[in-house]
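Visitor: Please put the model on screen. I would like to go through it by questions and answers.

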Amino acid sequence: MTFAELGLRAELLRALDDAGYSEPTPIQAKAIPTVMQGKDLMAAAQTGTGKTAGFTLPLLENMSRKAVAGQKFRPVRALILTPTRELAAQVHESVRTYGKHLPLRSTVVFGGVSINPQMMTLRKGVDILVATPGRLLDLVQQNALQLDRVETLILDEADRMLDMGFIHDIKKVLKLVPKQKQTLLFSATFSEEIKQLADKLLNRPELIEVAPRNTTAERITQRIHPVDRDRKRELLSYLIGDGDWRQVLVFTRTKHGANRLTEQLQKDGITAAAIHGNKSQGARTRALSDFKSGKVRTLVATDIAARGIDIDQLPYVVNYELPNVPEDYVHRIGRTGRAEREGVAVSLVCVDENSFMRNIERLIKSQVEKVVVPGFEPDPNIKPEPIQLGQKRPGGQNRPAKPRGGSGNPRARQNEGGRSNRSRRQRRA
Ligand code: AMP
């Protein structure tokens, strides 16, 4: 199967050639014809599968068929919603990459940066808008934008948007776009909540599923290093130094933990930067570009901040702390072993986290190999302690976490970019 056989126009084929893509990935081969036929789509696909091109290419094709070049005012005809700023920026980058030989205009808007330049760009008119929900609604409120001419609505990483408490914002956006439109929904997982949203949103959708990472993870070597909780940092520095690891993405459970670990690694002589929701947009962008360029060897991230980070050939992912939501493990390790390349995903697991690991292994339906690193043998006398998760409800209130094995909402998590942030921003404004 080639991209040409899918019926994409020459300008898109040229852009794909420039990007060096020779054939469509499975999600692209399935999604492109469906979207080109104008059908609604519900797709189960994670980052790393090529899903972004899977919706961007047919979108650009469809929009080019109804070209509006020369028209004075360009209303937004396609709206792509994403949960995080990083993902919004990346999706927009894809729109630009694939659309570079086409006369369509696009822009991206997200919070954490000045709203004025965004308002000015929108006033000139754009065909394709990539946005995070909070800033999009702020712009509508300020009359910088109308959504009544939207023909295609795309929700990317819809599960994350719900996790981050964006459901009310999404409902508001739905009232602003026309009823008659094409809607595409991409989600890594299909929870009951997502299915309910899809029921409301989609009109007789085509369903597409590509094998999730957890069943196609042969490219990823997974390993557990059992270690005492107080010796994790030491072990991490040892692994990075001894293995001469470059470009290591390290996950912590909390923003505070990310900051603390970054400082400790720096003290150990390992260049490191943290990326999480409390960092300014500038700091996040800088950290990511230093990491990509190799100036910084280790990027320490929380789950939500790391969503959608697209780094080619990321060789190492470390779970410094295991996630309390097993699906997050799959997302995390999906950062490595991309595009047919080998990757290593290492989890430093202390006695407190054994039940998290069991839940993960149940989800991925396999046992991860345990390797004790000589000199870091866990002390069998250390007793497990409950893990404080510091969760926040989407409503913004803090509440103490239930101890491990508790029956609290398993999807509640630190809310980094959702409503609480937004209301904080609004309070500041
Ligand atoms: P995504 O799942 O959209 O985040 O894409 C994952 C990665 O795969 C990105 O780095 C893309 O640039 C790359 N990619 C997308 N489509 C293809 C393709 N057909 N061939 C090779 N790489 C691709």
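Visitor: How far is an oxygen atom of the ligand from a polar backbone atom of lysine 51?

Guide: This is a predicted model, in which local features need pLDDT of at least 70 and side-chain atom pairs count only at pLDDT 80 or more, while totals for chains, interfaces and linings use all residues. Residues are numbered from 1 along each chain as its sequence is written, and side-chain values use heavy atoms, with hydrogens and water left out. A polar contact is a pair of N or O atoms within 3.5 Å; within protein, one must be able to donate a hydrogen and the other to accept it, and residues adjacent in sequence count only if both atoms are side-chain atoms. For the backbone of lysine 51 and the ligand oxygen, the distance is 3.3 Å.

Visitor: Which side chain has a polar atom 2.5 Å from an oxygen atom of the ligand?

Guide: The backbone of glycine 50 has a polar atom 2.7 Å from a ligand oxygen. The side-chain atom at 2.5 Å from a ligand oxygen belongs to threonine 52.

Visitor: How much of the ligand's 500 Å² does the protein bury?

Guide: The ligand is surrounded by 15 residues (a heavy atom within 4 Å), and Tyr21, Gln28 and Gly48 are among the closest. The area is exposed by the ligand taken alone (Shrake-Rupley method, 1.4 Å probe). The buried part is 83%.

Visitor: Which residues outside its sequence neighbourhood is alanine 29 in contact with?

Guide: Alanine 29 belongs to helix H2, residues 26-36 (a DSSP run of H or I, at least four residues; strands are E runs of at least two, and both are numbered from the N terminus). Its relative accessibility is 23%, so alanine 29 counts as partly exposed (buried is under 20%, exposed over 50%, partly exposed in between, with a 1.4 Å probe and protein chains only). Leaving aside neighbours within four places, its contacts (heavy atoms within 4.5 Å) are Leu6 and Pro24.

Visitor: Which element gives the most residues to the largest nonpolar core?

Guide: That core has 37 residues, a nonpolar core being a set of buried Ala, Val, Leu, Ile, Met, Phe, Trp, Tyr and Cys residues joined through side-chain atoms within 4.5 Å. Leu8 and Leu57 are among the residues that touch the most other members. Elements giving two or more residues include helix H1 (10-19) and strand E6 (182-187). The element that gives the most, with 6 residues, is H3.

Visitor: How many residues of helix H6 are buried?

Guide: H6 covers residues 133-141 and is mostly covered. Its buried residues include Arg135 and Asp138. The count is 8 of 9.

Visitor: Which backbone nitrogen does the side chain of threonine 252 reach?

Guide: Threonine 252 sits in the loop between strand E9 (248-251) and helix H11 (255-267). Threonine 252 is buried, with a relative accessible area of 0%. At 3.4 Å, its side chain reaches the backbone nitrogen of alanine 258.

Visitor: At what distance does the side chain of glutamate 353 reach the backbone nitrogen of leucine 322?

Guide: Glutamate 353 is in the loop between strand E13 (343-349) and helix H15 (354-364). With a relative accessible area of 1%, glutamate 353 is buried. Beyond four places in sequence, its contacts include Lys232, Arg253 and Leu322. From the side chain of glutamate 353 to the backbone nitrogen of leucine 322, the distance is 2.9 Å.
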